[in-house]
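Student: I should like a close look at one part of this model, namely the salt bridges and their surroundings. Please describe where the partners lie and how far they are covered.

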Amino acid sequence: MGTLETWVVEFNDVFWTYLLIPLVAVAGVWFTLRSKGVQIRLIPEMFRVFRDKPQSGVSPFGAFTISAAARIGTGNIAGVATAITMGGPGAVFWMWVMALVGGASAFVESVLAQLYKVRDTEPGTYRGGPAYYMQKALGMRWLGVVFAVLITLTFGFVLTAVQSNTITVATKGSFGSDASWFNPVLGIVLAALLALAVFFGVKRLTAVTKVIIPVMAALYLLTGLVIVLLNLGNVPGILADIIGGAFGFREVAGGAVGTAILQGVRRGMFSNEAGMGSAPNAAAAAETTHPVKQGLVQTLGVYFDTLVICTMTALVILSANPTLGERGGADVTQAAFTGALGDWAGHLLTLVVFMVAFSSMIGNYYYGESNIQFITRSKSVMSTYRAMVVACAVLGAIGSVPLVWSLADVTMGAMALVNLIAIIPLSAVAFRLLDDYLAQRRQGLDPVFRKDKVPGLRGEVECWGPSDQDAAPQERMPVRSL
């Protein structure tokens, strides 16, 4: 196990340092320049889109609250702790940078997912994502298949193990158990619960998680806010440590800045998923009048995830002064909660971690399922996939923290690489839609998109014909500087 762990960590360092981080940075900067900073200048428009009131279906604001609740998971609780313990406080700064630059990437991929979505079997529903715009816009089904395999490996297998590992670490810390049987037994319990959802489709189980997750998310936010307020006097010093650590002002080791950047970008991408290609699968399912609207909502979701929730987690951890030299996950955040508010807060965090991580395990499974359906409709393939997902829940519980997170870095990085290769040439299409959106807004209209209004779109656009849009006149909106 030690040899495998060492090899994976070394591969990750080379892969991320010399290939993925430069590509993520170049793509994000290019999207920002080409769109004239869409992720910054259209922030007021992002909030305006929330006020849309569709005749049926989920409103943009409703979709945002659902996605925000789902985002509060291991990336915000364990991922931030991992970034700080490995990269120091400066890693938090680079998570912020990742959110600001990655916001443009999130905008592009979500607009493309909406444009090239397809109708699902149930009337009024849609599906799509990177695999679909790779096939329909680039004409490269093989690349879509590669992406579908990578997202299945990443979310269906590796991130299921990450969620299981995080639950185990938090639960073990809460009970204070060092028994050798604890991890495998808890892993089997998690696997059994997950099997109920993926094999037998126990809708009641998933329905319960959908109700509880927003409550758990609110509890986490409120508890974290209380801890930050109790330590408000330390916040200026913590922010100084974050800025200083980011640029090496307070560092002695020459590699400290590089480690901070590396960990900040990795954990930032894991948390907000900007440019990774996962969020577009959900974005494609939304019903909206213009693809750009979904791109704006997704961009604001990136900001909320990293600039608000991850920052709060970082302030909680750093105010408790944990041992930053030893790699940890949810247990570091748990120790910070316990130190600030007492044992009850640590137990509360364990409950929050369990609920959000288990709900994410179910969501991860469905990401893989939908992409396997892109490749094949074989029932035997799907049954094998389900069995492997359940097995990953056990393996994640007994795996070490560094190995599990490093494997997540490998598959997540490969998935992001393929997605970025696709959206860089396709970004011109997204920016044409942005021009159409802004032109309508300058006319005081609530933008409505039809594919015949923007001729020459690349590839096959199945939806967005005249019959897909309401024939009623467009609503007039106040015109602001855009």
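Tutor: Contact here means heavy atoms within 4.5 Å. On that basis Thr-288, leaving aside its neighbours within four places in sequence, is in contact with Gln-114, Lys-293 and Trp-464. The model is a predicted one. Thr-288 is placed in the loop between α13 (279–283) and α14 (291–319), and its relative accessible area of 15% makes it buried, because the cut-off for that class is under 20%.

One of these contact partners, Lys-293, leads to the salt bridges. The whole structure holds nine of them. In one, the side chains of Arg-48 and Asp-446 meet at 3.6 Å, N to O. This pair links distant parts of the chain, with Arg-48 in helix α3 (residues 43–49) and Asp-446 in the segment after α18 (401–442), 398 residues apart. Both partners are covered: Arg-48 is buried at 3% relative accessibility, and Asp-446 is buried at 11%.

A second group centres on Glu-462. Its salt bridge with Arg-119 has the closest N and O atoms 3.7 Å apart. Here too distant parts of the chain are linked, Glu-462 lying in the segment after α18 and Arg-119 in strand β1 (residues 118–119), 343 residues apart. Glu-462 is partly exposed, with a relative accessible area of 28%, and Arg-119 is also partly exposed, at 38%. Glu-462 forms a further salt bridge with Lys-136, where the closest N and O atoms are 4.0 Å apart. Lys-136 belongs to helix α7 (residues 130–136) and stands 326 residues from Glu-462 in the chain. Unlike the partly exposed Glu-462, Lys-136 is buried, with a relative accessible area of 13%. Elsewhere, salt bridges that share partners join Glu-45, Arg-48, Lys-293, Arg-441 and Asp-446 into one network. Lys-293 thus appears both in this network and among the contacts of Thr-288.

As to covalent links, a disulfide joins the sulfur atoms of two cysteines. The count of disulfides in this model is zero. Two of the cysteines may be placed by their cover: Cys-392 is buried, with a relative accessible area of 13%, and Cys-463 is buried, at 1%.

These details belong to a protein with 18 helices and two strands. Buried residues make up 56% of its 482 residues. Among contacts between residues at least 6 apart in sequence, 82% join residues at least 24 apart.

Key:
Residues are numbered from 1 along each chain as its sequence is written. This is a predicted model: local features need pLDDT of at least 70, side-chain atom pairs count only at pLDDT 80 or more; totals for chains, interfaces and linings use all residues. Side-chain values use heavy atoms; hydrogens and water are left out. Helices (H or I, at least four residues) and strands (E, at least two) are DSSP runs, numbered from the N terminus. Buried means under 20% relative accessible area, exposed over 50%, partly exposed in between (1.4 Å probe, protein chains only). A disulfide is a pair of cysteine sulfur atoms within 2.5 Å.
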